[in-house]
Structures are given as structure tokens and as C-alpha cells.
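The following note is offered to a colleague who is new to this structure. Please read it with the sequence and the model at hand.

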Amino acid sequence: MAEETIFSKIIRHEIPSDIRYQDDDVTVFADISPKAKVHLLIVPNKVIPSVNEIEDGDAALIGKMILTAKKIAKEMGFAENGYRLIINCGKDGGQEVPHLHLHLLGGEKLRIIGAGF
Ligand code: AMP
């Protein structure tokens with residue numbers, strides 16, 4: 001069983017957070033240190049530490065994370081203009097919290113980061 005992080009406490013409503021959506025599979029909350037006008041984290045309720053620990057049986061859950069991001073972007077009215085989805089993995093990828101999460105950044109024109117990626 002993977003170790004829990006602060007995200008599990010957020011998912012269980014044990015610490016304050018700005019939860020925007022929750023169901024049996026995923027929880028969506030505002031990033032505490034937003035890097036864009038809209039910066040939400042889409043998090044599976046079960047602990048998967050990183051992309052490296054995703055298993056074949058998680059395929060539907062991972063798909064749901066992306067579909068949830070799409071739905072929220074549409075509901076918030078910026079889907080047509082576009083947005084950015086990011087998953088950092090591990091030390092070199094800049095992952096700080098070892099509980100898989102999809103960053104949804106949008107609501108404004110985003111800067112191009114890195115070498116045009
Ligand atoms: P990453 O670097 O991909 O692991 O991203 C972790 C993200 O979690 C960062 O953008 C942090 O700002 C965010 N974060 C850390 N603690 C909290 C918290 N308690 N509530 C909301 N977002 C958080």
C-alpha cells in the first residue's frame with residue numbers, strides 16, 4: 001500500500017482546501033500556489049504515487065482524470081480558447097507531491113515553457 005500524502009487528507013476533507021469537484025474516483029481542488037488564472041489539480045482518490053506506478057488496471061481511472069479536466073475546462077468556459085494539462089513525474093520531472101495529479105492550467109494565454117513545449 002502506497003504512503004499517503006497531504007492530498008489524501010484533502011480528499012477525505014480532513015484539512016481545508018478549495019474542492020471544486022469530487023466523485024468516487026477523482027477529486028479536483030485548487031492549487032495552493034497557482035501558476036495561472038485557473039490552476040486546478042485532478043487527483044485520483046486512491047494513492048498512485050506517480051506515473052511510474054500506474055498499472056494496466058488503472059487505465060480507465062487515468063482516462064477519467066483527463067475527461068474530468070476537459071469537462072471542467074468546458075464548464076468554466078475556457079475549453080475553446082485552450083488550456084494545458086501537465087503531469088510531473090519523479091525528481092527530474094519536478095514532482096513534489098508523491099500522489100499522482102494532473103495540473104489543469106488555463107483561463108488566460110499561457111506562456112510557452114521550455115524549448116517550445
Ligand atoms: P507537483 O510539483 O507536480 O508535485 O505539484 C504539486 C502541486 O501541489 C504544486 O503545484 C503545489 O502548489 C500543490 N500543493 C501542495 N500542497 C497543496 C495543498 N495543501 N493544497 C493545494 N495544492 C497544494
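The points below concern the ligand and its surroundings, and then one strand residue.

1. The structure under discussion is a predicted model. The values quoted here should be read as computed from that model.

2. Where does the ligand sit? It occupies the largest pocket. The shell around the ligand comprises 16 residues, and the closest of these are D31, N88, E96, H101 and H103.

3. Three of these residues place polar atoms at short listed distances from ligand oxygen atoms. An N or O atom in the side chain of N88 is 2.9 Å from an oxygen atom of the ligand. For H101, a polar side-chain atom lies 2.8 Å from a ligand oxygen. With E96 the partner is a polar backbone atom, 2.6 Å from an oxygen atom of the ligand. Of the 500 Å² of accessible area that the ligand has on its own, the protein covers 87%.

4. Which elements supply the shell? Both α1 (6–11) and β2 (26–30) contribute at least two residues each. The greatest contribution comes from α1, which gives three residues.

5. Sorted by class, the residues around the ligand are eight nonpolar, six polar and two charged.

6. A separate remark concerns Q22, which belongs to strand β1 (residues 19–22). Is Q22 buried, partly exposed or exposed? Its relative accessibility is 31%, so Q22 counts as partly exposed, given that this class lies between the limits of 20% and 50%. Along the chain, Q22 and I11 are 11 residues apart, and their C-alpha atoms are separated by 8.3 Å.

Definitions and conventions
Residues are numbered from 1 along each chain as its sequence is written. This is a predicted model: local features need pLDDT of at least 70, side-chain atom pairs count only at pLDDT 80 or more; totals for chains, interfaces and linings use all residues. Side-chain values use heavy atoms; hydrogens and water are left out. A residue is near a molecule or strand if one of its heavy atoms lies within 4 Å of it. A polar contact is a pair of N or O atoms within 3.5 Å; within protein, one must be able to donate a hydrogen and the other to accept it, and residues adjacent in sequence count only if both atoms are side-chain atoms. Accessible areas come from the Shrake-Rupley method with a 1.4 Å probe; for residues, only the protein chains shown count as cover. On a 1 Å grid over the protein atoms alone, a cavity is a set of points where a 1.4 Å probe fits but cannot get out, and a pocket is an open set with protein on both sides within 12 Å along at least five of seven lines; lining residues have an atom within 4 Å of a point. A molecule sits in a cavity or pocket if more than half of its atoms lie within 2 Å of its grid points. Helices (H or I, at least four residues) and strands (E, at least two) are DSSP runs, numbered from the N terminus. Ala, Val, Leu, Ile, Met, Phe, Trp, Tyr, Cys and Pro count as nonpolar, Asp, Glu, Lys and Arg as charged, and the others, Gly among them, as polar. Buried means under 20% relative accessible area, exposed over 50%, partly exposed in between (1.4 Å probe, protein chains only).
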